[in-house]
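Colleague: Could you take me on a close look at one part of this model? I'd like the stretch where the two chains meet, and whatever hangs together with it.

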Amino acid sequence: MTMRCAWVVLVFGAALSAQQWPTYNGDYSGRRFSPLTEINASNIDRLAVAWFYRIAGVGPQRGVGNPTIKSTPLMANGVLYFTIPDHAWAVDARTGEEIWQYSWRDQGGHLVGNRGLGIYGQWLYFMTPDCWFVSLNAKDGKERWRKKVADEKQQYFCTMSPLVVKNEVLVGVGGDAMDVPGFLESRDPETGDLKWRWNTTPRKGEPGAETWPNPQAMEHGGGMTWMPGTYDPELNLIYWGTGNPNPVFAGQGRKGANLWTASIVALNADTGKLVWYHQPSPHDTHDWDNVETPVLFDAEFNGRPRKLLAQAARNGIFTLLDRTTGESLVTKGFVGVNWMKGVDAKGQPIPDPANEPKVDGSLINTPGGGGTNWPPPSFDPETGLFYVNAKEGYSIGYLTDDDPEPQGYGGTGGGGFSEPVLLAIDYRTGNIAWKHKYPSGGFGNAFPGVLTTAGKLLFTGDPSGNLIAYDPGDGRILWRFHIGQMVSNGPSTYMLNGQQYLIAAAGDTLFAFHILGKK
Amino acid sequence: MGVLSQASAQEDSPPATGRGGRGGNLREFLGLGAPPDAAAAARGEKLYTANCAFCHGEKGRGAEGPNLVRSTVVLHDEKGERIGPVISKGVLEKGMPAFSSFAEGQIYDLAQYLHLQVELVANRGLYKRLNVVTGDPKAGEAYFGANCAGCHSATGDLSHIGARYPADQLQNRFVWPGGGGRARKVTVTLPSGQAVSGTLKQIDDFNVSLYDASGEYRSWSRDAVKVEIEDRLEGHRQLLEKYTNQDMHNVTAYLVSLK
């Protein structure tokens with residue numbers, strides 16, 4: 001019953017249930033800003049480990065090695081629920097004691113990561129690497145039912161945390177090795193049955209088809225939906241980022257903008273119908289999934305209050321939109337973006353064909369893998385700054401499949417160098433308000449997410465295995481703990497029994513922190 | 001670097017080295033099933049070219065007939081058990097005739113050929129860069145003379161460089177010679193004014209550690225010392241901001257010529 005209550009208050013903005021953390025991003029806005037203040041800038045020197053939970057008995061996972069927690073744990077009714085590929089756990093949020101473990105037998109798909117669970121009443125929702133949509137009982141981890149969402153033999157794989165919105169569970173897919181089409185589905189929370197499906201690429205004769213050369217290209221055009229989106233209950237719109245088109249680096253067989261890949265889309269929550277779109281990477285040829293969290297907040301822009309959506313994307317572009325209409329307000333590189341040569345009338349970047357991957361290589365001033373990736377950013381309404389761990393550098397794109405009908409990746413990026421930075425971006429302009437250069441190390445494609453709190457704190461990790469608290473106003477370091485290896489998920493926070501906890505994962509271990517000497 | 005730097009994946013790359021790195025481990029990561037039987041695929045290629053390529057394209061990517069590399073029948077097949085019936089019975093309503101004369105072994109060979117085509121598309125660890133030597137070596141020599149010769153020499157450190165690396169690796173290496181294992185020299189100045197130099201082990205915002213000249217490990221808190229790290233790649237870093245693609249290709253053509 002309490003969980004149902006928690007659900008009711010799981011709404012946007014001010015009404016957020018600050019006590020719990022009931023979705024991947026903590027609420028529907030994707031801001032990862034907590035109004036909790038018990039841990040704050042004045043007592044942070046007393047922040048210390050409360051407990052840790054280390055995964056035991058799983059061992060190396062196929063193709064990826066030791067277990068890595070990339071999920072953000074849900075916290076509901078004093079229990080934390082988190083995942084790695086093929087496994088889910090419930091642990092006591094106060095003590096770290098394991099309550100149950102659920103395991104799925106590896107039968108294919110990619111074990112690259114799992115973002116976590118969705119919760120609706122007493123039921124949990126979990127995606128397996130081979131794209132089964134599984135419902136578990138939150139009480140004991142027993143499986144209620146399983147439904148197949150996509151075919152791993154076609155190289156689909158599933159990593160996202162299902163997002164519960166109203167009376168539906170939204171599930172997306174990954175997979176760009178074999179040129180399959182992307183989609184987002186709404187599933188019934190009681191039965192797992194399909195309610196609606198939105199295809200990320202059009203079918204023959206549908207709107208958007210004019211941005212593809214032929215039906216074959218768009219029906220194999222990619223556009224995966226592997227990260228949870230956000231939701232505005234007032235507008236009844238869900239916001240989703242879509243992945244890169246396929247073939248990934250080889251665009252010669254898919255001339256055109258390739259809608260609705262590498263886009264931010266607004267869909268009607270009841271029907272899945274497209275309401276508006278904005279495409280930060282038209283005709284992407286750099287593997288720049290545009291799935292990074294579309295962060296929602298209400299703030300002033302040009303002198304009037306607006307309902308806004310901000311995103312820092314893998315292509316190095318910071319985007320600010322009016323989320324009611326999709327109107328573009330800011331398009332600006334937060335790292336080098338010479339893959340583009342300007343901005344079109346809709347505020348969308350125009351890719352520079354001269355810097356597309358070529359047989360003999362094209363040098364761009366965006367690092368391999370992009371300027372950021374899936375690790376969650378944060379928006380702090382008190383500073384008006386958008387925080388993201390990013391990468392500055394250079395890379396060379398190669399076309400390795402010069403066939404007129406290329407397939408698969410068809411090329412490669414990388415080389416060059418990549419230097420990790422923490423950026424604070426002014427949402428009004430896209431300008432960098434402050435930047436923290438990490439002294440060494442690299443971020444790869446998996447690195448720490450960001451959390452901000454009303455305690456005037458910003459939490460994230462560095463490449464050297466430190467969990468760090470910064471002053472979100474100016475980037476001063478206030479506290480740190482050497483957590484052993486790079487923070488591997490987005491930090492989160494909750495209140496339990498009158499005490500605020502901070503949670504962060506590093507590799508196979510989940511750490512909880514609280515203020516010492518309080519209780 | 002290996003054949004290719006690891007292409008970044010749809011989300012996270014598997015680790016660039018070790019498990020899931022490239023080639024064989026990458027196919028394990030991708031869950032591609034049993035590797036294609038190369039000898040059977042070579043036999044199958046001849047059968048394919050003679051019997052199938054006319055409709056399904058030279059490499060199975062489709063022509064008048066459908067693409068077989070993306071075919072769900074092919075992707076679910078292991079040893080010809082799903083492909084076989086389609087070949088021997090045909091798909092008459094779609095215009096594919098029955099090929100009923102193939103022996104079981106030939107079906108297996110054809111299936112392995114198709115699985116190899118899938119492998120070459122899906123397993124990006126096997127991708128090979130094509131010809132990167134498209135520039136003008138003369139222009140590259142001039143660029144080298146103006147921008148690189150302060151530190152490097154075609155007859156000194158780079159003599160025969162074109163014979164030491166494949167051209168594509170050479171291009172990536174001169175653009176950015178960095179790499180995980182690169183030793184960096186560091187000097188730490190203590191509050192007493194004493195300076196300790198050595199090979200940097202680790203630095204973050206809080207601590208610095210090094211191995212000194214005698215091989216001893218030493219570490220300090222950053223707030224008590226001054227740290228200076230030698231950046232031997234500063235010249236390369238500055239050139240990254242200047243190169244056009246043409247410059248890069250010209251220098252590659254020049255370095256490749258230094259056999």
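Modeller: Here is a walk through that part, starting from chain B and ending in chain A. Keep in mind that this is a predicted model.

First, some background on chain B. Its secondary structure comes to eleven helices and five strands, and 35% of its 259 residues count as buried. If you take the contacts in chain B with a separation of 6 or more, 60% of them are between residues 24 or more positions apart.

Now the meeting of the chains. On the B side 51 residues are in contact with 61 residues of chain A. At least two residues each come from α1 (24-30), α4 (72-76), α6 (104-122), α9, β2 (195-203) and α11 of chain B. The largest share belongs to α1(B), with four residues. Sorted by class, this side of chain B has 21 nonpolar, 19 polar and eleven charged residues.

Helix α9(B) is a good place to zoom in. This helix covers residues 167-175, and its buried residues are B:Asp168, B:Leu170, B:Gln171, B:Asn172, B:Phe174 and B:Val175. Those buried residues pack against elements of both chains: β25 (362-364) and β27 (385-399) of chain A, along with α8 (161-164) and α11 (245-257) of chain B.

Next comes B:Trp176, in the loop between α9 and β1 (185-189) of chain B. Is this tryptophan buried or exposed? B:Trp176 counts as buried, because it has 21 C-beta neighbours inside 10 Å, and the cut-off for that is 20 or more. Setting aside neighbours within four places in sequence, B:Trp176 is in contact with A:Tyr394, A:Gly415, A:Gly416 and A:Phe417 from chain A, plus B:His236 from chain B. For a sense of scale, B:Val74 is 102 residues away from B:Trp176 in sequence and 41 Å away in space, C-alpha to C-alpha.

One of those partners, A:Phe417, leads straight into chain A, as strand β29(A) spans residues 417-426. That strand runs antiparallel to β30(A), residues 432-437, with five bridges joining the two. A:Val421 has A:Lys437 as its bridge partner in β30(A). The two strands make a hairpin with five residues between them, and A:Gly430 in the turn has a positive phi of about 80°.

Back in chain B, α11(B) deserves its own paragraph, as one of the elements that the buried residues of α9(B) pack against. α11(B) also meets helix α7(B), residues 137-147: their axes come within 7 Å and cross at roughly 100°. The two helices are therefore roughly perpendicular to each other, since that label takes in angles of 65 to 115 degrees. From α7(B) the contact uses B:Pro137, B:Ala139, B:Gly140, B:Glu141, B:Tyr143 and B:Phe144. From α11(B) it uses B:Asp247, B:Asn250, B:Val251, B:Thr252, B:Ala253, B:Tyr254 and B:Ser257. By class, the residues of this helix contact are seven nonpolar, four polar and two charged.

So, to pull the thread together: α9(B) has buried residues that pack against strands of chain A and helices of chain B, and B:Trp176, in the loop between α9(B) and β1(B), is in contact with residues of both chains.

Terms used: Residues numbered from 1 in each chain as written. Chains lettered and ligands numbered in written order. Predicted model: local features only at pLDDT ≥ 70, side-chain atom pairs only at ≥ 80, totals over all residues. Pairing = 2+ DSSP bridges. Buried ≥ 20, exposed ≤ 12 C-beta atoms within 10 Å, placed from the backbone. Contact = placed C-beta atoms within 7 Å. Nonpolar A, V, L, I, M, F, W, Y, C, P; charged D, E, K, R; others polar. Axes fitted to C-alpha atoms, helices over the stretch in contact; angles between N-to-C directions. Parallel < 35°, antiparallel > 145°, perpendicular 65-115°, else oblique.
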